[in-house]
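Reader: I am new to this structure and should be grateful for a close look at one part of it. Please begin with a single pair of side chains and proceed from there to their surroundings.

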Amino acid sequence: MPDSIVSVEAARGRVEGVAKRQFRWAFQPPMNLEKLALLVQRVSGLGLLVYLFFHIFVTGTITSGPAAWDGLMGMLLNPLAHVGELLVVVGATFHGINGVRVLLLELTALVGHPIRPDYPYRVQSLGKGERSILYTAMIMAGLALIAGIVILWGL
Amino acid sequence: MRESTLQLVNYVMVLALLVTLALHLAMQAFLGVSGYEGALSYSTALARYREPLSASLLAILLVAATYHGLFGLRNILLEMRSGPRWDRFVTGTVLGLAVVMLGWGLRTIVVAFGGA
C-alpha cells in the first residue's frame, strides 16, 4: 500500500484506544454463542501462541545435556505449571475442534439454504451442523480437562 | 504474497497441525511412556529427537504451529488498525517472530537429531 493512502482511523480521527475498542467489541450486546466462540477462539489462540514461543525455548535445552534438562523440568513439575499445562490442553482441544467448524463455514459447508425472512426473524448464522460441532468442541474440552487432571496429577 | 495464497497455505498448515498435535499430545500422555514424569525424562525426550519419524513429526508440528499461530496473530493485529505503517510494523513483527521461533526450533531438532 503506498504511503499516500491514509488509514481509516487517521481519516476519521481515532475516537478511542485500541484496547477499549477491543473490549467494547468483545462484551457489548448482543452476545450470542457464535460471538462467544469467536472470543474464546481468539483468546485461546493467543494463549497457545505465547505457550508455543516459550515451549520452543524450554525444549531447546535438550541440546544442553541432561543436567540442564532435568533442572528445568524439575522447576516445571509443580502444581502452578500443571494448571498452565491443563489450560493449554483444554484450549488446544477447543481451538482445534471449533477451528474445524470455522474451516467448514469458510468452505461454505454446513451453512444451509437461505430462507424467506418471516417474522419472528430467527438467527441463521448457527445451523444444526455447526451448533453440534460447537457443542462437540465444548464437550471434548471438558473431557480433555478431566484427562489432563488424571495424567498430570497421576490420579 | 496474495492474501488468498496465505490463507490456502494456512488451511494446509491447519490440517497438518490437527494430525501432528494430536499425535504429539498422545505421545506425551500415553503412547509409549510411563506417567507424565516419565515422558519428561531426558532419555525419553532425547529418543523422540533421535528417531527419524518422531523428529519429522516435531519438525512438521513446529512449522505448522508457527505459521498458523503467527498468521492468526497477523489477522488479529490487522483487524485492530489499518494503514501502510501499521501494515509494515505487523509484517516485520510477524516475520521477526517467525525467524526466531523457526530458527531456534529447527536448530534444536537438527542438533538433537545429529547427537547432542
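Author: Glu3(B) counts as partly exposed, because its relative accessibility is 45%, a value that falls between the cut-offs of 20% and 50%. The model under discussion is a predicted one. In it, the side chain of Glu3(B) meets that of Arg74(B) in a salt bridge, with 2.6 Å from N to O. Glu3(B) belongs to helix α1 (residues 3–29) of chain B and Arg74(B) to helix α4 (residues 52–80) of chain B, so the pair ties together parts that are 71 residues apart in sequence. The partner, Arg74(B), counts as buried because its relative accessibility is 14%, and buried means under 20%. Side chains of opposite charge can pair when their charged atoms come close.

The count of salt bridges over all chains is four. One of them joins Glu130(A) to Arg101(A), where the closest N and O atoms are 2.6 Å apart. This pair, too, links distant parts of its chain: Glu130(A) stands in helix α6 of chain A and Arg101(A) in helix α5 of chain A, with their positions 29 residues apart in sequence. Both Glu130(A) and Arg101(A) are buried.

Arg101(A) leads to a further residue of helix α6 of chain A, namely Ile133(A). Leaving aside neighbours within four places in sequence, Ile133(A) is in contact with Arg101(A), and also with Ile97(A), Leu104(A) and Leu110(A). Ile133(A) is itself buried, because its relative accessible area is 17% and the cut-off is 20%. Its C-alpha atom is separated by 9.8 Å from that of Val102(A), a residue 31 places away along the chain.

Another salt bridge is that of Arg116(A) and Asp118(A), whose side chains meet at 3.2 Å, N to O. Arg116(A) is exposed, because its relative accessible area is 66%, whereas Asp118(A), with 41%, is partly exposed.

The helix that carries Arg101(A), α5(A), merits a closer description. It has 28 residues and reaches 39 Å from its first C-alpha to its last, which is close to the 40 Å expected at 1.5 Å a residue. At its start, a side-chain oxygen of Asn78(A) reaches to within 3.0 Å of the backbone nitrogen of Leu80(A). Beyond the other end, α5(A) is followed by Thr108(A), whose phi is positive, near 65 degrees.

Chain A as a whole has six helices and zero strands. Of its 155 residues, 30% are buried. Among its contacts between residues at least 6 apart in sequence, 67% join residues at least 24 apart.

The description now turns to the place where the two chains meet. In all, 41 residues of chain A are in contact with 43 residues of chain B. The area buried between chain A and chain B is about 3400 Å², and carbon and sulfur atoms give 71% of this area. Between these chains the count is one salt bridge, in which the side chains of Arg42(A) and Glu79(B) meet at 2.9 Å, N to O. Across the same interface, five residue pairs are in polar contact, with both residues at pLDDT 80 or more. On the side of chain A that touches chain B, at least two residues each come from α1 (8–12), α2 (18–27), α3, α4 (66–76), α5 (79–106) and α6 (128–152). Sorted by class, this side of chain A has 23 nonpolar, ten polar and eight charged residues.

One residue with partners in both chains is Thr59(A), which lies in helix α3 (residues 33–59) of chain A. Leaving aside neighbours within four places in sequence, Thr59(A) is in contact with Trp69(A) of its own chain and with Tyr49(B) and Thr108(B). Thr59(A) counts as buried because its relative accessibility is 16%, and buried means under 20%.

Note on methods. Residues are numbered from 1 along each chain as its sequence is written. Chains are lettered from A and ligands numbered from 1 in the order in which they are written. This is a predicted model: local features need pLDDT of at least 70, side-chain atom pairs count only at pLDDT 80 or more; totals for chains, interfaces and linings use all residues. Side-chain values use heavy atoms; hydrogens and water are left out. Helices (H or I, at least four residues) and strands (E, at least two) are DSSP runs, numbered from the N terminus. Buried means under 20% relative accessible area, exposed over 50%, partly exposed in between (1.4 Å probe, protein chains only). Contact means heavy atoms within 4.5 Å. Buried area is the accessible area (1.4 Å probe) that two parts lose on being put together, summed over both. A polar contact is a pair of N or O atoms within 3.5 Å; within protein, one must be able to donate a hydrogen and the other to accept it, and residues adjacent in sequence count only if both atoms are side-chain atoms. Ala, Val, Leu, Ile, Met, Phe, Trp, Tyr, Cys and Pro count as nonpolar, Asp, Glu, Lys and Arg as charged, and the others, Gly among them, as polar. The expected span of a helix is 1.5 Å times one less than its number of residues.
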